[in-house]
Amino acid sequence: MPCPELWFDPARILIAGRWLPADETLPAEDPSTGAPLARIARGSAGDIDAAVTAARAAAAGDWGRTAPADRGRVLARLGRLVADRAEAMARIEAADVGKPLSQARADALALARYCEFYGGAADKLMGQTIPYPADHTVYTLREPHGVTGHVVPWNYPMQIIGRSVGAALAAGNACVLKPAEEASLTALAFARLAQEAGLPPGALNVVPGLGPEAGAALAAHPGVDHLSFTGSVGVGVQIQAAAAANIVPVTLELGGKSPQIVFADADLDRALPFLVRAGIQNAGQTCSAASRILVQRAVLDQVTDRMAAAYRALRLGRAMDDPDVGPLISARQRAMVQGFLDLAPDAVLARAPLPADLPPGGHYLAPALLGGLGPDHSLAQDEIFGPVQVILPFDTEDEALAIANGTAYGLVAAVWTADGARQMRMARHLRAGQVFLNSYGAGGGVELPFGGTGRSGHGREKGFEALYGFTRLKTVAAWHG
Ligand code: NAP
Ligand code: MG
């Protein structure tokens, strides 16, 4: 059954401004029902090669020569087109990814906002003049890498395309995008709109397909000058190894086990919705999900009871019905999360109810709140990537820090306390790329630099900072006597 809201043929590959048929196709599935939705292209290594060649030509040609202000105008137009089509984009994403409609709408508007933000930034990326002996003038130029490769996961396709492709284009690069097999439709829709906005042929090429085929071919291609990857640690290792073979820079965003730390003096009424939402948003399939909730013992019972009540009130359902929690992306992901839960069946403190009328083919899993586990337990250490949160008690600030920093990851953290000095101490000592104080942004806004440390990865995307990663610096030193 074709997806009813598509205004384009999804089984195509975009190379050099032309929508080409693929030799083979793959099924796209609706995770809410398990029903087939559309067929997408199974891009090959040959398609990747053609896409890199097209990007090289655009980087050296039309797009590379476009003035920064004009690049910005194209992106701004693209942002307006995405905003105009946000409802259609959201419905495609809800059908393809199983993301509740209002969360998909937020993603579509974030994509529009990334285009707007990076469009506005395109002509504000400047070098410096450097003080040097008076017989010299020294300055730096920020130059695009040339061809950037983008391997994107299925959990937030629109946001991740916005933050990486948006910034790369603004800096003057030409892109090859490999969306996830399980979520390629909005990438294709975005590319259609980019053409409508006036992006020249080859500046953005989209090759859907399988990770080990199209993805691996892109990562290993010697014509790619920079790689941006979001996804699992295992594939991140392969991407970095492929980048090493070609000596090109790579940005890796590999998820986390992010803590929210609740002290006894916290404003619990404000904290509670953030604690729960940051665990169940997108069914917990969020790199910055707050999967560990550290609670000071004096308020442990109160926080546990209130979170448990919130869990029992969660509405599960089909993405199109806009529930609190939709299905997981796939049967495979559901089985993986269930495997984690099977490690400690006695740790379940509360679960959301599973409505009896859920479509039997959907990949539903009732969100689970866990407790009574030590901080070294696998469920408190490993990224589960499903709607599962673990409550961990602590007594002192030092103990909270030790637990919070005691995983292999370091992406986001939050501290809930009224004590300003403690806020500053915690923010300084937490091992994370983003720290929220009395708030939690689940990745934060478009403007906020984002990225990890340790096994969460390296490099920063989002905000103005991302533009530095998508450029390289040239120093020019002139002697003039
Ligand atoms: P994944 O395999 O890392 O997929 C991410 C992207 O990499 C997809 O586009 C995928 O393509 C591609 N890919 C896969 N193998 C590749 C290879 N050998 N070379 C180049 N690209 C390759 O992630 P997943 O299998 O979808 O999810 C597995 C786990 O990863 C999750 O359970 C979660 O723990 C983690 N994850 C983290 C994030 C995050 O935001 N940090 C996002 C998604 C997943 P295909 O999907 O088309 O094969
Ligand atoms: Mg799908």
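This passage describes the surroundings of ligand 1 in a predicted model.

Ligand 1 occupies the largest pocket. Its shell comprises 30 residues. The closest of these are Val-152, Trp-154, Lys-178, Glu-181 and Ser-232. By class, 15 residues of the shell are nonpolar. Another 10 are polar, and 5 are charged.

The shell draws on two domains. Domain 1, spanning 12–254 + 456–476, gives at least three residues. Domain 2, spanning 259–445, also gives at least three. Several secondary-structure elements take part. Helix 8 (211–220) supplies the largest share of the shell, with 4 residues. Strand 10 (226–230), helix 9 (233–246) and helix 12 (331–341) each supply at least two residues.

Polar contacts to ligand 1 involve both side-chain and backbone atoms of the protein. At Ser-232, an N or O atom of the side chain lies 2.6 Å from an oxygen atom of the ligand. Ser-232 is also among the closest residues of the shell. The backbone contributes at two further residues, Ala-216 and Gly-255. At Ala-216, a backbone N or O atom is 3.4 Å from a nitrogen atom of ligand 1. At Gly-255, a polar backbone atom is 3.1 Å from a nitrogen atom of the ligand. On its own, ligand 1 has 860 Å² of accessible area, and the protein covers 90% of that area.

Technical notes. Residues are numbered from 1 along each chain as its sequence is written. Chains are lettered from A and ligands numbered from 1 in the order in which they are written. This is a predicted model: local features need pLDDT of at least 70, side-chain atom pairs count only at pLDDT 80 or more; totals for chains, interfaces and linings use all residues. Side-chain values use heavy atoms; hydrogens and water are left out. A residue is near a molecule or strand if one of its heavy atoms lies within 4 Å of it. A polar contact is a pair of N or O atoms within 3.5 Å; within protein, one must be able to donate a hydrogen and the other to accept it, and residues adjacent in sequence count only if both atoms are side-chain atoms. Accessible areas come from the Shrake-Rupley method with a 1.4 Å probe; for residues, only the protein chains shown count as cover. On a 1 Å grid over the protein atoms alone, a cavity is a set of points where a 1.4 Å probe fits but cannot get out, and a pocket is an open set with protein on both sides within 12 Å along at least five of seven lines; lining residues have an atom within 4 Å of a point. A molecule sits in a cavity or pocket if more than half of its atoms lie within 2 Å of its grid points. Ala, Val, Leu, Ile, Met, Phe, Trp, Tyr, Cys and Pro count as nonpolar, Asp, Glu, Lys and Arg as charged, and the others, Gly among them, as polar. Domain bounds come from an automatic or database domain assignment.
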